[in-house]
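This report describes a protein chain for a reader who is new to structural biology. Please keep the sequence and the structure in view while reading.

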Amino acid sequence: MKKYLPLVLIAALGFACQAPEPEPIDYTTMTDAERLEAATEIARTTIMVDGHVDLPYRMKVGGFTLQREILDVSVRTDGGNFDYPRTKEGGLDAPFMSIYIPAGNQGTPGASKALADSLILMTERIASTYPDKFAMAYSPADIEANFAKGLVSLPMGMENGSGLEDDLANVEYFKTRGIRYITLTHGKDNLIGDASYDTTGTHGGLSEYGEQVVKEMNRVGIMVDLSHVSDNTFRDALAITKAPIIASHSSVRKFTPGFERNMSDELIQGMAKNGGVMMINFGGTFIDSAYAAGSGKVREHLVNYMAENSLSRTDSAFVAYAEAYAAANNPFPTVQRVADHIDHVKNLVGVDYVGLGSDFDGVGDSLPTGLKDVSMYPNLIAELLKRGYSKEDIEKICYKNVFRVWKAVEDYATAQQ
């Protein structure tokens, strides 16, 4: 005769067999070395998205074209901030490749779109040339699948909506080409709206065409990127969009008073109310207003030293002196200052609205000490852990926040079909 345990007893036994929840780790009590080790482990086991890496344009500036071999970033490179070995060291999994269109192209009809197409093809060629290391990605699901295979994903965003030219149909065209965000403006006002670096105020914010662009981006499922836009353009876009926005590489204006390229508290709060995400730029001029003055003084001194001693930039004597002088008069901010920007957003609107948007390969030699290239993300994570951020907080900053926005944009577009 079979005997059966009462259901209540079975449930009790099952409950008793459950493993206890692990105690949360207090990273603040660790030594700096222990914390960096923990940060490195988090970086390498957590999906990490960076909203803006300028590798495609770095290749163009370096003379690479579709008729020549692309830059071999499958191995460690001497220049720039990005390559595969350093990417794996730092735990970066999905750098948005910036399809950057200089504002100067706006003066020649067709030039912006042609350059965008060229840079997209160059990005695709990286993935096809090194398929054991890189893969294209067009959705969060693609990034998750590539991550499981150990591949670095290459999602793409177009920096400067001038690539659309004056044809609204190009919004859907670039969606089919793989573009997943469009930065509405860049250095100058364009057909879409006003830019933060331009004081002309051509449209007073978004143009009528720009309003149509935002609506069309919502319809087809391209994220609206409000980095580089003027405050009025930012407000207009927030009022029109039906899906969350991103700022793919912007920092906090509090630390750079008067620098409209960064976001004011008002705009940060508007972004959060919209459900968007702000991805912090690492460039020196973006994170600390003292950097520009300090670096200017160093440059001026070195130029005078060259002239007074009849030296050139390549002379070994000058190179040695410049390195020593720059080290002794270091104008660069540190990784702590980047953490200050993340702190500010978290304290103002919450940790759900901040991410990483380094601008690697796009800000030259202005990067902070401790964040000079893609191998160094663990230094920033370690600093955040030191300040009391949890592993869950880090995961939100690294990818969950931008995935949430990206999926919401996809969902809205699907609902319009």
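## Strand E9 and its neighbours

In strand E9 (residues 277–280), the side chains of Val277 and Met279 point one way, while Met278 and Ile280 point the other way, and all are buried. In a regular strand, side chains alternate between the two faces of the sheet. The model discussed here is a predicted one.

Strand E9 has partners that run parallel to it. Strand E8 (residues 246–247) and E9 pair in the parallel sense over two bridges, and Ala247 has Met278 as its bridge partner in E9. Between these two strands the chain passes through helix H10, going from E8 to E9 in a right-handed β-α-β crossover. E9 also pairs with strand E10 (residues 354–356), again in the parallel sense, over three bridges. Here Met278 has Val354 as its bridge partner in E10. Met278 therefore appears in a bridge with Ala247 of E8 and in a bridge with Val354 of E10.

## Strand E6 and its surroundings

How many of the five residues of strand E6 (residues 179–183) are buried? Five of the five are, so strand E6 is largely enclosed by the rest of the structure.

Strand E5 (residues 156–159) pairs with E6 in the parallel sense over four bridges, and Met156 stands opposite Ile179 in E6. The chain travels from E5 through helix H7 (residues 169–176) to E6, and this β-α-β crossover is right-handed. E6 is also joined to strand E7 (residues 223–225) by three bridges, and these strands run parallel. The bridge partner of Tyr181 in E7 is Met223. From E6 the chain continues through helix H8 (residues 208–220) to E7, forming a β-α-β crossover that is right-handed.

## A buried residue in helix H5

Ala116 is found in helix H5 (residues 111–129). Is Ala116 buried or exposed? Ala116 has a relative accessible area of 0%, and because buried means under 20%, it counts as buried. Ala116 and Phe174 are 58 residues apart in sequence, and their C-alpha atoms are 9.1 Å apart in space.

## Salt bridges

Side chains of opposite charge can pair when their charged atoms come close. The structure holds 19 salt bridges. In one of them, the side chains of Glu89 and Arg76 meet, with 2.4 Å from N to O. This pair links distant parts of the chain: Glu89 is in helix H4 (residues 84–90), and Arg76 is in the loop between helix H3 (55–61) and H4, 13 residues apart. Glu89 is partly exposed, with a relative accessible area of 30%, and Arg76 is partly exposed at 48% relative accessibility.

Asp83 forms a salt bridge with Arg86, in which the closest N and O atoms are 2.8 Å apart. Both Asp83 and Arg86 are buried. The side chains of Glu266 and Arg235 also meet in a salt bridge, at 2.8 Å from N to O. Glu266 lies in helix H10 (residues 265–274) and Arg235 in helix H9 (residues 231–240), so this pair ties together parts that are 31 residues apart in sequence. Glu266 counts as partly exposed at 41% relative accessibility, and Arg235 counts as partly exposed at 32%. Elsewhere, a network of salt bridges links Asp288, Arg337, Asp340, Asp343, Glu383 and Arg387.

## The largest pocket

Rolling a probe the size of a water molecule over the atoms shows where empty space is left. The largest pocket has a volume of about 290 Å³. Its lining consists of 14 residues, of which Val298, Arg299, Ala326, Phe332 and Asp365 lie nearest its centre.

Which elements give two or more residues to the lining of the largest pocket? They are helix H12 (289–308) and helix H13 (316–328). H12 gives the most to this lining, with six residues. What kinds of residue make up the lining of the largest pocket? The lining divides into nine nonpolar, two polar and three charged residues.

How values were computed:
Residues are numbered from 1 along each chain as its sequence is written. This is a predicted model: local features need pLDDT of at least 70, side-chain atom pairs count only at pLDDT 80 or more; totals for chains, interfaces and linings use all residues. Side-chain values use heavy atoms; hydrogens and water are left out. A salt bridge is a side-chain nitrogen of Lys or Arg within 4 Å of a carboxyl oxygen of Asp or Glu. Buried means under 20% relative accessible area, exposed over 50%, partly exposed in between (1.4 Å probe, protein chains only). On a 1 Å grid over the protein atoms alone, a cavity is a set of points where a 1.4 Å probe fits but cannot get out, and a pocket is an open set with protein on both sides within 12 Å along at least five of seven lines; lining residues have an atom within 4 Å of a point. Grid points are joined across faces, edges and corners, and a volume is the space filled by probe spheres set on the points. Ala, Val, Leu, Ile, Met, Phe, Trp, Tyr, Cys and Pro count as nonpolar, Asp, Glu, Lys and Arg as charged, and the others, Gly among them, as polar. A crossover is right-handed if, with the strands pointing away from the viewer, the path from the first strand over the helix to the second runs clockwise.
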